[in-house]
Amino acid sequence: MIWDYSIARVETGVDAQDAAQPMDSEAFAGFYQRSARSLWAYLARVSGNPVLADDLMQEAYLRFLGAAHLPDGEVACRRYLFRIATNLMRDHWRRPRTSSIDELPETLFSVGDGSAASDAQVMLGPALAQMRPRDRQLLWLAYAENYTHTEIAEITGLKSTSVRLLLFRARRKVARLLCNETSAERGCA
Amino acid sequence: MTLGHCTREKDVMALLRSGGWPAACEPELREHVAGCSLCAQAVLLKSAFADALAQAKSEARLQAPGVVWWRAQLRRRNAAVKRVNRPLAGAQWFALLINLLAAVALLASQWRHMDRLRSWFSEVADAPVFHPVALWSMAARQPGWNLMVLIPFAVAFVILGGITVYLASER
Ligand SMILES: [Zn+2]
């Protein structure tokens, strides 16, 4: 039947595509091992939902591997991966049926058992829960992932000047929240 | 709005990123941080987020990279199959459209001969034995020979339509 013939041709085509894939399975395994925990941490702490983070992380890697071209170098690939994840989170929040992240309970943002955590870290969860999702994203990318304003602009699709302004406000707000909730004196002036 | 900015913040952030804070920090810079609210804020946030990152990383439950790789290959394959099927589906719809147009054109052209068609049908119904040759001769007796055009067209339309519907449903 004509269908079987077509599918056979498709599979031949796919095999050819595999050969030309921008990253082979071995390189991907290494990249995954080095980036997955950071990506999950970003998704889980910004969304406040570990289950959602699992789903979005898998989807982010599938889209990453489905890309026709990947940027050169691991640093650029990692940034590209974070960009995909950021877009997925944004799409998730835009979907009308899902509950807004602002409605999530504060407990979702709290850290594990807290036994080995610093005061500021213990209070960071509740402080982040009071921030807007975009502010959480910007703060995480800047202070947990150490991205520069230009890199954050590339990841979030915002202008570099907007990132600077938004980050400044977000930083002031989260610092104020942390200072209200902890006994930290440094940085609370 | 002017953004608060400190020229030493870059040095402080560099130390924080490299893990050199506070051990590898020059006393002079440490003194600056103690007196600068912006740099002290950077230290507070950086250490809070670094701890949160370490904690979150330890909570992550990762799939094996091979599983993710395999799923990605499956998705690529499905996308390729869809890409090939798209023009075939288009061709089927095109064939269906041509069939319908031909049927409409044929009906329109034969509309004025409907009376003769009706009389032919009644003649067929009254015939004692159903036989294709008798059917043909009955049609040939009709003036204008239009039925000899109509019947093969109708049969061709039914066959082509059947094939199109079969192919479309097979998808
Ligand atoms: Zn300073």
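**Close-up views of chains A and B**

**View 1. Helices α6(A) and α7(A) are oblique to each other.** This is a predicted model in which local features need pLDDT of at least 70, side-chain atom pairs count only at pLDDT 80 or more, and totals for chains, interfaces and linings use all residues. Residues are numbered from 1 along each chain as its sequence is written, chains are lettered from A and ligands numbered from 1 in the order written, and side-chain values use heavy atoms, without hydrogens or water. The axes of α6 (residues 133-144) and α7 (residues 149-156) of chain A come within 10 Å and cross at roughly 135 degrees (oblique: not under 35, over 145 or 65 to 115 degrees; axes: lines fitted to C-alpha atoms over the stretch in contact, with angles from 0 to 180 degrees between N-to-C directions; helices: DSSP H or I runs of at least four residues). A:Leu138, A:Leu141 and A:Ala142 of α6(A) meet A:Ile152, A:Ile155 and A:Thr156 of α7(A) (contact: heavy atoms within 4.5 Å).

**View 2. A:Leu39 in the largest nonpolar core.** This core has 79 residues, and A:Leu39 is one of those touching the most other members (core: buried Ala, Val, Leu, Ile, Met, Phe, Trp, Tyr and Cys joined through side-chain atoms within 4.5 Å). Helix α3 (residues 37-59) of chain B gives the largest share, 12 residues. Beyond four places in sequence, A:Leu39 touches A:Met57, A:Ala60, A:Tyr61, A:Leu81, A:Phe82 and A:Ala85.

**View 3. B:His32 in helix α2 (residues 27-35) of chain B.** B:His32 is partly exposed, with a relative accessible area of 23% (buried: under 20%; exposed: over 50%; partly exposed: in between; 1.4 Å probe, protein chains only). Beyond four places in sequence, B:His32 touches B:Cys6, B:Arg8 and B:Cys39. The C-alpha atoms of B:His32 and B:Val12 are separated by 9.8 Å.

Conventions. Helix = DSSP H or I, 4+ residues; strand = E, 2+ residues; numbered from the N terminus.
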